[in-house]
Amino acid sequence: MTQFSVPALPYAYDALQPAISEAIMKLHHDTHHAAYVTKLNAALEGLGVDSFDTEEATLEHLLSSLDSLPNSVRAAVRNNGGGHYNHSLFWKFMTPGGSAMSTELREALEAKYGSIDAFKEEFTAKALGLFGSGWVWLQPNLEITTSPNQDSELMNGGPAPLLGLDVWEHAYYLDYYAARKDYVDAWWDVVNWAFVSERFKAE
Ligand code: MN
């Protein structure tokens with residue numbers, strides 16, 4: 001059967017400092033992400049899961065077809081499979097010191113929002129307005145959406161996101177306490193826009 005595994009971080013635990021501390025990264029990756037994977041594997045034990053070339057593709061298929069799962073495991077797969085998928089992407093959405101956006105993505109965001117600053121303001125406002133735990137997404141059509149818990153648009157039949165921000169307290173509380181805005185403001189400094197731009201081109 002398919003066994004999911006926690007991907008290694010593509011950089012050192014301390015590489016995103018000062019935006020995100022080594023302590024947060026260790027807790028977030030080694031404890032929280034690992035727990036989603038352990039619980040996902042437990043929920044899927046004994047069930048047949050269609051496997052694709054990559055774990056990402058297998059997860060995308062699974063999360064897009066939650067209705068086909070038995071009731072007894074659907075919520076566990078939604079929460080823990082969603083958690084595994086979202087976090088696997090989240091690590092790649094960041095890179096030490098950030099990276100540059102393509103001209104194509106920059107012009108598309110400027111056309112839609114007026115400026116990159118205006119886009120960031122709207123994304124940040126959505127992050128601050130999200131009650132409780134969840135994610136803020138930049139969709140392939142450049143709309144900004146939010147989802148609760150570990151949900152994503154995949155579960156509504158939507159596409160994979162271009163970019164996502166984890167606004168669960170476990171993502172920032174150690175560094176920022178309740179100051180979610182300070183976390184979001186700092187996070188922009190480590191966004192891997194080169195990766196986001198590749199995803200945008202692929203659309
Ligand atoms: Mn998280």
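## Exercises on a predicted model: sheet, metal site and two buried residues

β1 (residues 134-138) and β2 (residues 144-148) pair in the antiparallel sense over five bridges. The model is predicted, so local features require pLDDT of at least 70 and side-chain atom pairs count only at pLDDT 80 or more, while totals for chains, interfaces and linings use all residues. Residues are numbered from 1 along each chain as its sequence is written, and side-chain values use heavy atoms, with hydrogens and water left out.

**Exercise 1.** Determine the order of the strands in the open sheet and state which strands stand at its edges.

*Solution.*
Step 1. Strands (E, at least two residues) and helices (H or I, at least four residues) are DSSP runs, numbered from the N terminus. Two strands pair if DSSP finds at least two bridges between them.
Step 2. On the β2 side, V136 has T146 as its bridge partner, and W137 stands opposite T145. The hairpin of β1 and β2 has five residues between the strands, and L142 takes a positive phi near 70° there.
Step 3. On the other side, β1 and β3 run antiparallel and are joined by four bridges; L138 has L163 in β3 as its bridge partner.
Step 4. The order of the three strands is therefore β2-β1-β3, with antiparallel pairing. β2 and β3 each have a single partner strand and stand at the edges, so one side of each is left without a neighbour in the sheet.

**Exercise 2.** Assign the residues of β1 to the two directions in which they point, and decide whether they are buried or exposed.

*Solution.*
Step 1. Buried means under 20% relative accessible area, exposed over 50%, and partly exposed in between (1.4 Å probe, protein chains only).
Step 2. In a regular strand the side chains alternate between the two faces of the sheet.
Step 3. G134, V136 and L138 point one way, and W135 and W137 the other way.
Step 4. Five of the five residues of β1 are buried.

**Exercise 3.** Identify the donors of the manganese ion and explain why H28 and H170 tie together separate parts of the chain.

*Solution.*
Step 1. Donors are N, O and S atoms within 2.8 Å of the metal (3.2 Å for Na, K and Ca); water is not among the atoms, so sites may look incomplete.
Step 2. H28 (NE2), H87 (NE2), D166 (OD) and H170 (NE2) coordinate the manganese ion at 1.9 to 2.1 Å. Their spacing along the chain is H-x58-H-x78-D-x3-H.
Step 3. H28 belongs to helix α1 (residues 22-44), whereas H170 is in the loop between β3 (163-166) and α6 (173-176), so the pair ties together parts that are 142 residues apart in sequence. Both H28 and H170 are buried.

**Exercise 4.** Describe the surroundings of S88 and W188.

*Solution.*
Step 1. S88 lies in helix α3 (residues 71-92) and counts as buried at 17% relative accessibility. Contact means heavy atoms within 4.5 Å; leaving aside neighbours within four places in sequence, S88 is in contact with P7 and H33. A polar atom of the S88 side chain lies 2.7 Å from the backbone oxygen of H84.
Step 2. W188 lies in the loop between α7 (180-187) and α8 (193-201) and, at 10% relative accessibility, counts as buried. Leaving aside neighbours within four places in sequence, W188 is in contact with F119, K120, F123, T124 and W193.

Key
Polar contact = N/O pair within 3.5 Å; in protein donor to acceptor, adjacent residues only side chain to side chain.
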